[in-house]
Every structure is written in C-alpha cells, then in structure tokens.
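Thanks for coming. I will walk through one structure this morning, starting with its overall layout and then going into the parts.

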Amino acid sequence: MENQTIQVQEFLTKWGLRNATVYRNPSVPLIYELSMSQPQSEDPTVRPDSINNTGALVAYSGKKCGRVPKDKRIIKDEVTERDVWWGDVNIGLSQDSYNEVEKIALEYLNNKEKLFIIDGYAGWDVNYRLRIRVFCTRPYHALFMKNMLIRPTDEELKKDFSGDVDFYIFNAGPQTIQKPIEGIKSEGCVAVNLTERKMVILGTQYAGEMKKGVFGVTHYLFPKQGILTLHSSANEGENGDVTLLFGLSGTGKTTLSADPKRRLIGDDEHAWSDNGIFNIEGGCYAKCVDLSKEKEPEIYNAVRFGAVLENIEYYSEEKREVDYTNISITENTRVSYPLDYIPGAKFPAQGGHPKNIFFLTCDAYGVLPPVSMLTPEQAMYHFISGYTAKVAGTEVGVKEPQATFSACFGEAFLALHPTLYANMLAEKIKKYDTKVWLINTGWSGGKYGVGQRMSLKYTRGIIDLIHSGELKDAEFENFPIFNFAIPKTAKNIPTQILNPKNTWKNPEEFDKQVLELAEKFQINFKKYEDKATQEVINAGPKF
C-alpha cells in the first residue's frame, strides 16, 4: 500500500496535482459507494447518480447528451501540420491556446477533494496496444472508462503502468471556459495534443467524448504502423469466420454484432493488422432507446451491476425501473458495460482476417435495397462515401435523421485523409478475398416520415443467409442507377422488400428519390476524385 501511495503521488506531481484523496483504479463496488456519496452538482442539469433495479449505475451528463464535434480541436504544430487532415473535422488550435486549456483543467482537478485515476489499454493485440491513463472527478466517468478500456491485470499494472504511459486524458468536463481563448468559440473544448499525447475535456460531461477521443488517437498512430483503424463492430462464427460491420451511431453496429449464434469480438472500434483484426476497446457503449429483452436480449441482460446507464428516466423512482421508451432527456440514451457481459464474447478479443464486410447505412430516403452485393470497386466507392443518416440525439442539435456522408463510415474520427484508410482497406480486401455487402437498416416503403424503419428481424435474417453462404449463390438482378447486384429471392425474407421500389405506393416518386440521392452521391464524391482511380469513380451511381 505504501508503494502504491508513493507511485500515485508521482503521477500527480508530474502534472502539478496535489489532491488530498486519490482513487487509482478503484474497484467497481467502491466506485458505487463513492457515487452515492457524491455531493450535489453545482450544475442544475446534472442529477444525482442512483442505482436501478438490476444493479446498474444510473448517471446524467447534464445539458450535453451527445458529442460536440464543433468543439473538438487538434493542436497544430510542426509534426501534425504535415499529416493531419485539416478542415471541418480536424480544426487546428495553437500550442499557446492548448496550454491555457490544460491549465484550466488542472486547476479544476486540483480543486476537487476526490480524484480518480483509471489505467487501461486500447487494443487487444499485445504487440500494438496503447497504455491510457485517465484523470477525472466524477465516479461515473471513472466506471465508464474502467468498462471501455481493457483492464490490466495486477501484474500488468506493475509492469506497464508504473511510470509514464502512451496517452493521457484530463477530464474536467464540469468546468466551463470562462474567458476568451483564441481558437475556441464556446464554453467547452475537447483539445487533443497528438504530439504530447494528451487530451483535455472542458464544458461537457458526456462520457462518450473520452471513448471517441481515444479512437481518434488510434486513427492517427496505428496507420503509421501499417494498421487500419475501423469504425466497425466484429464477430466470429463457429468456424472462425470473421465479419466486420461498419456504420455510424444508430445504424445497428452494436445490435447486429450481438448475435447469439456468433462470438462477439467488439461492437464499435477495431483495427486490422497483418495478424488479423482486434478490438480496440474493453467494453461496449450501446444505444438504449426502445431497448427490450425480446428484440435485444444480450444488451438488455448486460444492464446489471457494473454497467453504466446514461441519461435515462425512471418509470418509478421508488421501484427504480428505467423506461427505455422515454426520450425526454435525449434519444441518445446509452449503456456502457464490459465486453464479458455479452454471453459468448471472445477473449482475447481478436480474430483472423474478415470473410465478410457489411456497410450498414440508415437510408433516410428509403430507396436503397435491404442488401446489395458490391464489386471491389463499388466497395471502395461506398467506403469513401460513407452514406447514412445522423440519428436524432447522436450529436447536439440533431433532432431527426439527416442524410449525410461520412468518409469511411467514421469521418468525425479520422485524423488522416480518408483516401489513406480507403487505400489500406482496398489492399486488404484484395489480399484476403473479403466479400463486401451494403445493408440498409433505414427506411423502406417511403422516406423518413412516410415509410417504416427496416425490420430488424429481416435484417438479421439476411445477415444469417450471408454467413451461411446461401445468399451468395442466389439469383441476382441489377438495381438501376446505383447498379447494385440485389437478390431476387431470399429464404424467409419477403420478396417484395428486396427491391425497394416494390414497397413504394408511388413508383414515380420512388424514381425521383433515387435520382435525388444519386446526385447527392456524385456531388459528395467530387472532393475525392483527384485521388481516386477512374475504376472507383465509375463504380458510383449513373443516371
């Protein structure tokens, strides 16, 4: 215990911290106890933590219930200026401004009686994993990162975390920016210093900023080692066949990867090396809106002691039963839990080279087929395009689905130019003969507001047919304009829905919507044409 205390003090003095009470890697029960004794927040939008009837910790992030990408900043210096993909996604910040932000954060952390330190890995492959250290003051943030990072053993803590680590997070989210700082336009900031390997969070208590901050760092560091980072979930069949599922939040990555017939490798963040794929995280962060035991039993049963429920209302305060249908706080209700809470999850969370890749898209126009088999060129075109819809609540200000294009199905997290990741994926698909499919989990029978969301039952059925190999051998027809190969029939799937035109009451309106969406694809892809081959450009929609 004495050595542990000395070690903790070294961690603090390195950053000028001198907190009276420090909890380094506390146990889950202790975090619960500290959470229950936490004083009322000065922020009136932050409610006290509680425990629901299944044992999960229920916490609230305050007025910001989703990521705030416009507040993210990357420190621009001699190193990052050359290789970071600067623009709307990665907004530069000077070193001087960063120093001011870090000073505010450290002063806030110093003024709190209790400080948490959480150590963990990012990446299950021992050859490539990063050592992460988190400083925070809210127990719920500590438990969240204890779930989302890969927990070290006692021996690994002594070996790998006795001194400096690969990346630091200073979460002072409850503290807002009170005075003007050059390059920052709001009261909050998520500042990432890639050269010094540090991240500072101010003005937002949404836990997902830490998770995605780590993901962005891997998007910068891993490709430099020849490792492709992927905004995807992954699972493995009985025969060892691996599937990757790409998609933004709300497209079904977490839901569809939690398949009782397959072992879960991970639900959101992966990397693909010469050894195969590996999960970056130690846990899952699933959406909870309309969660039910019937539709998503694996996730539903993971809501227990050790899990964190975020921004969810109760049916009854007395019974402590949460209401998954209540979105009065946000549609972006979430649960964080360790990977081993999913039955049959694979450990270590690694696998071979993928046999199938699914591009999940939530089509708000309701015109894309539920499943399409892509050529290698189409796969590259649609990976670079990354079409989907932002789902309500995922980001601040998004109230309903909006058609959008997000390069590599994760543009917000790309530190380098999208074509770099696309070229790496192309090489791997070709080398390992991976099949690529486009899966629409969005609307059918009309656009958003008219049609209905694609049935999860049918989407799961289609994916089962791909895994069994049956769909690959089906008879296909051409889907005009986009020139997709779509199956004419599929076992246990209504034939009508396979060609979306059949589900629309007005065929002329359908054709109009197809042309409108195709034009959006063409306009969006123009910004990549200077670095794309003619074969890839030709794989896009044609009038």
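**Domains, sheets and helix packing**

Between the two domains, 25 residues of domain 1 are in contact with 21 residues of domain 2. Please keep in mind that this is a predicted model. Domain 1 is made of two segments, 1-228 and 284-341, while domain 2 covers 355-538. Taken over C-alpha atoms, the centres of the two domains are 32 Å apart.

Now the sheets. One of them is an open sheet with 8 strands and mixed pairing. Reading across, the order is β1-β6-β7-β8-β10-β9-β4-β5. At the edges are β1, residues 21-24, and β5, residues 92-93, each of which pairs on one side only.

Inside that sheet, take β7, residues 130-136, and β8, residues 167-172. How many bridges link β7 and β8, and in what sense do the strands pair? There are 4 bridges, and the pairing is parallel. As one example of a bridge partner, Phe135 is matched with Phe170 in β8.

Staying with this sheet, there is one turn of the chain to point out, in the loop between β9, residues 189-193, and β10, residues 198-202. Arg197 is found in that loop. Its phi is near 60°, which is a positive value in a residue other than glycine. For context, most residues other than glycine have a negative phi.

The other sheet I want to show is also open, with 5 strands in the order β2-β3-β17-β20-β16. Its pairing is mixed as well. The edge strands here are β2, at 50-51, and β16, at 283-287, and each of them pairs on one side only. β2 is joined to β3, residues 57-59, by 2 bridges, and these two strands run antiparallel. Ile51 has Leu57 in β3 as its bridge partner.

From β20, residues 334-338, a loop leads to β21, residues 350-351, and Pro348 is found in that loop. The peptide bond joining Phe347 and Pro348 is cis, with omega at about -10°. Again for context, most peptide bonds are trans.

Next, the helices. Two packed helices are described by the angle between their axes and the distance between the axes. I will use that description for three pairs.

Two of the pairs share helix α5, residues 139-148. This helix lies across β6 (114-122), β7 and β8. Relative to β6, α5 runs at about 15°.

Which way does α2 run relative to α5, roughly parallel or roughly antiparallel? Helix α2, residues 28-36, packs on α5 at an angle of about 160°, and their axes are 9 Å apart. An angle over 145 degrees counts as roughly antiparallel, and α2 and α5 are therefore roughly antiparallel to each other. On the α2 side, the contact is made by Val28, Ile31, Tyr32, Leu34 and Ser35, and on the α5 side by Pro139, Ala142, Leu143 and Lys146. By class, that contact has 7 nonpolar residues, 1 polar and 1 charged. The crossing of α2 past α5 is left-handed.

The second partner of α5 is helix α7, residues 208-221. Their axes come within 10 Å and cross at roughly 35°. In this case α5 passes α7 in a right-handed crossing. From α5, His141, Phe144, Met145 and Met148 take part, and they meet Gly208, Met210, Lys211 and Val214 in α7. The residues of this contact divide into 5 nonpolar, 2 polar and 1 charged.

The last pair is α10, residues 376-385, with α14, residues 507-525. The axes of α10 and α14 come within 10 Å and cross at roughly 80°. That angle makes α10 roughly perpendicular to α14. Here Tyr381, His382, Ile384 and Ser385 of α10 meet Phe521, Gln522, Asn524 and Phe525 of α14. What is the make-up of this contact by class? It has 4 nonpolar and 4 polar residues, and no charged ones.

That is the tour. I will leave the structure up for discussion.

Notes. Residues numbered from 1 in each chain as written. Predicted model: local features only at pLDDT ≥ 70, side-chain atom pairs only at ≥ 80, totals over all residues. Heavy atoms only, no water. Pairing = 2+ DSSP bridges. Axes fitted to C-alpha atoms, helices over the stretch in contact; angles between N-to-C directions. Parallel < 35°, antiparallel > 145°, perpendicular 65-115°, else oblique. Left-handed = near helix turned anticlockwise from the far one by under 90°. Contact = heavy atoms within 4.5 Å. Nonpolar A, V, L, I, M, F, W, Y, C, P; charged D, E, K, R; others polar. Domains from an automatic or database assignment.
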